[in-house]
Amino acid sequence: MHRRPDSVPTMLFDWGSIKWHITPGSVPGASSTFGEVVINPNKGHDRHQHPASDEVLYIIEGEGRQTVGDEPEFAVKAGDAVWIPMGTMHSTFNTGWRPLRIIATYTPGGAEEALRDLPDFVELAPGEHPTWAAADVKPG
């Protein structure tokens, strides 16, 4: 199955956006989830866990800080990969001036559905694009 970015919805949050290209709920027979996460500069998401899925992150662009379980926080940048075992608390924060772009996978898939319950969740229809307000930009 072939899917283009404009053919899938965009999940929006106060820290950035996610496009899930492949999910068990959207692709018949899919058992894993694959998507692109964009974390805006000086933003990040709260520590959380996926009780029934392992997660792999691959940093495409940008730089940030990552936590995984009780390990000390560490720097991530383009080309790095991070494995997060199921049930492990973790978070990602963008420390750079450009968007932090990440490929994220869940095995087995389905953990993405929990994101719909977050208070800042908004979903854009396929083909719609987010607009980020300049009011969110503050001098460092």
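Glutamate 123 is partly exposed in this predicted model, with a relative accessible area of 36%. Its side chain meets that of arginine 116 in a salt bridge, at an N to O distance of 3.0 Å. Arginine 116 likewise counts as partly exposed, at 34% relative accessibility.

The structure holds 6 salt bridges. Salt bridges with shared partners join Glu36, Glu61, Arg98 and Arg101 into one network. Within this network, the side chains of arginine 98 and glutamate 61 meet with an N to O distance of 3.7 Å. Arginine 98 lies in the loop between strand 8 (90-94) and strand 9 (100-107), whereas glutamate 61 belongs to strand 4 (residues 54-61), so this pair ties together parts that are 37 residues apart in sequence. Arginine 98 is partly exposed, at 33% relative accessibility, and glutamate 61 is partly exposed at 26%. Another salt bridge links glutamate 73 to arginine 65, whose closest N and O atoms are 3.0 Å apart. Here too the partners are partly exposed: glutamate 73 has a relative accessible area of 48%, and arginine 65 stands at 34% relative accessibility.

The strands may be followed next, beginning with the sheet of 7 strands. This open sheet has the order 7-4-9-3-2-1-10, with antiparallel pairing. Strand 7 and strand 10 are the edge strands, each pairing on one side only. Neighbouring strands of the sheet are turned by 25 degrees against each other on average, direction ignored. At one edge, strand 4 and strand 7 pair in the antiparallel sense over 4 bridges, and leucine 57 stands opposite valine 82 in strand 7. Valine 82 shares the covered face of strand 7 with Ile84, while Ala81 and Trp83 make up the uncovered face. In a regular strand, side chains alternate between the two faces of the sheet. Elsewhere in the sheet, strand 1 and strand 2 are joined in the antiparallel sense over 3 bridges; leucine 12 has serine 17 in strand 2 as its bridge partner.

A further open sheet consists of 3 strands in the order 6-5-8, again with antiparallel pairing. Strand 6 (74-77) and strand 8 stand at its edges, each with a single partner strand, so one side of each is left without a neighbour in the sheet. The twist from one strand to the next averages 30 degrees. Strand 5 (residues 63-68) is joined to the antiparallel strand 8 by 5 bridges, and glutamine 66 has threonine 92 in strand 8 as its bridge partner.

The strands also supply residues to the nonpolar interior. In soluble globular proteins, nonpolar side chains tend to be buried together. The largest nonpolar core has 20 residues, of which Met11, Phe13, Ile18, Trp20, Val37 and Ile102 touch the most other members. Two or more residues are given to this core by each of strand 1 (10-13), strand 2 (16-22), strand 3, strand 4, strand 7 (81-84) and strand 9. The largest share, 4 residues, comes from strand 9. The surroundings of isoleucine 18 illustrate the packing: leaving aside residues up to four places away in sequence, isoleucine 18 touches Pro9, Thr10, Met11, Phe13, Glu36, Val37 and Leu115. Among these contacts are Met11, Phe13 and Val37, which are listed with isoleucine 18 among the core residues that touch the most other members.

Two features of the backbone call for separate attention. Most residues other than glycine have a negative phi, and most peptide bonds are trans. Asparagine 42 has a positive phi of about 60 degrees although it is not a glycine. Asparagine 42 is placed in the loop between strand 3 (33-39) and strand 4 and is exposed, with a relative accessible area of 60%. The peptide bond joining threonine 107 and proline 108 is cis, with omega about -10 degrees. Proline 108 lies in the loop between strand 9 and strand 10 (122-124).

The annotation record completes the account. In an unreviewed entry, UniProt lists residues 36-105 for "domain: Cupin type-2". In the model, the chain over residues 36-105 is 0% helix and 53% strand, and the end C-alpha atoms of this stretch are 9 Å apart.

Methods. Residues are numbered from 1 along each chain as its sequence is written. This is a predicted model: local features need pLDDT of at least 70, side-chain atom pairs count only at pLDDT 80 or more; totals for chains, interfaces and linings use all residues. Side-chain values use heavy atoms; hydrogens and water are left out. A salt bridge is a side-chain nitrogen of Lys or Arg within 4 Å of a carboxyl oxygen of Asp or Glu. Buried means under 20% relative accessible area, exposed over 50%, partly exposed in between (1.4 Å probe, protein chains only). Two strands pair if DSSP finds at least two bridges between them. Axes are lines fitted to C-alpha atoms, for helices over the stretch in contact, and angles run from 0 to 180 degrees between N-to-C directions. A nonpolar core is a set of buried Ala, Val, Leu, Ile, Met, Phe, Trp, Tyr and Cys residues joined through side-chain atoms within 4.5 Å. Contact means heavy atoms within 4.5 Å. UniProt positions are given in the numbering used here, feature names are shortened, and annotations may be inferred rather than shown by experiment.
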